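User: Please take a close look at a single part of this structure. I am new to it, so explain the terms as you go.

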Amino acid sequence: MFPVLLGAELGSAAYGLSLPDSRRAVRQVNLCPTSDLLGLVGTPRPRWSKPGVDTHELGPFLRGVLAGDPNAVELLWSEAYEICTEQGEWLLRHRTDLLDGRRLAAAYLSAARRQQQLGRTASSR
């Protein structure tokens, strides 16, 4: 298993909105060894799987933040971290430097439109 730099419980539980049957949603950022990332084999896939735990390698996570991915951005703005290493603290100190307001607004607007479409589809059944 690769070292986890940052991890938090997110979703409904993080905001006190979970129901008894809600699943736990934990998001984590890990760091793969440089030799694994630069080797001939390519970027490794996670070698573990736990229900409710979504783990991303640092590079893809940062690409998500820079693109305004709401899931990645949510982890950077959590109010309670279960895991936060020195490198994780660096990410938190620089989180505003990583955000592009236009991309973030476009990503959240797109997510809201998808939710609206899902609501319309569900109500028409």
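Analyst: **Helix α4 and its surroundings**

The buried residues of α4 are covered by several elements, including β1 (4-10), α2 (58-67), α3 (70-76), β4 (81-84) and α5 (95-98). Helices (H or I, at least four residues) and strands (E, at least two) are DSSP runs, numbered from the N terminus. This is a predicted model, in which local features need pLDDT of at least 70 and side-chain atom pairs count only at pLDDT 80 or more, while totals for chains, interfaces and linings use all residues. Residues are numbered from 1 along each chain as its sequence is written, and side-chain values use heavy atoms, with hydrogens and water left out.

Helix α4 spans residues 86-93, and G88, L91 and L92 are buried in it. They lie on the same side of α4 because they cover an arc of only 100° around the axis, taken from the directions from the helix axis to the C-beta atoms. The face turned away from that side carries the exposed residues E86 and R93. Buried means under 20% relative accessible area, exposed over 50%, and partly exposed in between (1.4 Å probe, protein chains only).

Two of the buried residues, L91 and L92, are among those touched by L76, as are L6, F61 and V65, not counting residues up to four places away in sequence. Contact means heavy atoms within 4.5 Å.

As for confidence, pLDDT is the predictor's confidence in each residue, from 0 to 100. In the protein chain it is highest in α4, at 95, and lowest in helix α1 (residues 34-38), at a mean of 68.
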